[in-house]
Amino acid sequence: MIKKILTFILSSCVAVAVAGGFYNPWEDVVRPSSGQQQIYGGYNAGCVQGAAAPQDTGFGFQYIELSRNKFWGHSSSHQFIERMGRTLRPQGISLLVADVSMPRGGPFTWDHASHQVGLDLDIEFLQDPRSFQRDLTAEERERLPKFYLANQEANAIIDRNWDEKYVTMLRTFAEDPAVHVMFVHPAIKKRICENPANRKNWLAKVQPWWGHDEHVHVRLNCPADSPSCVPKPAFTEIGCDTEEFLWWFSDDWRRVYEARKKWQRANPNPEPVPLPAMPSQCQGVLKDAGSS
Ligand SMILES: [Zn+2]
């Protein structure tokens, strides 16, 4: 399966890692390193040795946009997806999994600040009816329809797209002990908060964040086999009635939102953020000749 995926990638256009003199070597590697699977560093500054490719299709899940070559992860990520597929498919939910990490992890030039150690996964809200019937072709996985649960501008749920299945999906993720935290658009958490029955411990793992209107970002805990993986500190719960959560629906939030939009319009091609300081072992991972 790895070979099949790599052939598909190598025949596609690999993203150029050079932007205005800025060079990101992590975006140039197309294969994982050799060596035992091991994470070095943290979610925002780290790498993964001996990363695993997923089984790209299984019961209740399919990985998408394979040409991006960003499906590599620690095997605990792929096991998580297999576990969630088994649990959620009988409940009428099919998972479309987008970015995990690059073949050796490391920093992205543009796409993500985290996703560097194979433990962050983006899972689409889209429930493509075809994916319940059959495996989508590699080409179909590149051209899936855009599907949003929240409207950024209105800062609200898109009611015609909302389904209680999303509560089941997020609750099932949150109740899995491998999950550290998840990020969703604040309107999604707000909708879940509206039902008192949902106000349980699991909801603490669902955190509001910018974007995340068409996918949920799931972050897993450092696995036991990687003592050099730097865990995130325990996060502070942003509860439904807290000032911190209500801020996302305040006039102050609107001011920040408009300022961000204005900045993005004025800077359509921003300079890449400098690469983070990486653990020393990551140089070895980067330079490795690669797995066969
Ligand atoms: Zn993400």
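In this predicted model, the buried residues of helix H2 pack against a mixed set of partners: the strands S6 (61–63), S7 (95–97), S8 (120–124) and S13 (215–220), together with helix H5. The buried set itself consists of Ser-76, Ser-77, His-78, Phe-80, Ile-81, Met-84 and Leu-88. Helix H2 spans residues 75–88, and its 14 residues reach 20 Å from the first C-alpha to the last, close to the 20 Å expected at 1.5 Å a residue. A general point helps in reading such a list: an α-helix has 3.6 residues a turn, so residues three or four places apart point the same way.

Turning to the partner helix, H5 covers residues 165–175 and includes Phe-173. Phe-173 counts as buried because 23 other C-beta atoms lie within 10 Å, where 20 or more are required. Beyond its neighbours within four places in sequence, Phe-173 is in contact with Met-84, Val-179, Met-182 and Val-218. Of these, Met-84 is one of the buried residues of H2, while Val-218 falls within the range of strand S13 (215–220). Phe-173 and Lys-205, 32 residues apart in sequence, are separated by 9.2 Å in space, C-alpha to C-alpha.

It is helpful to set this region against the whole chain. The protein contains nine helices and 13 strands, and 38% of its 292 residues count as buried. Among contacts with a separation of 6 or more, 74% join residues 24 or more positions apart. The radius of gyration is 19 Å, which agrees with the value near 19 Å for a compact globule of 292 residues. Along the principal axes, the C-alpha atoms fill a box of roughly 55 × 45 × 35 Å.

Definitions and conventions:
Residues numbered from 1 in each chain as written. Predicted model: local features only at pLDDT ≥ 70, side-chain atom pairs only at ≥ 80, totals over all residues. Helix = DSSP H or I, 4+ residues; strand = E, 2+ residues; numbered from the N terminus. Buried ≥ 20, exposed ≤ 12 C-beta atoms within 10 Å, placed from the backbone. Contact = placed C-beta atoms within 7 Å. Expected span 1.5 Å × (residues − 1). Rg over C-alpha atoms; globule rule 2.2 N^0.38 Å.
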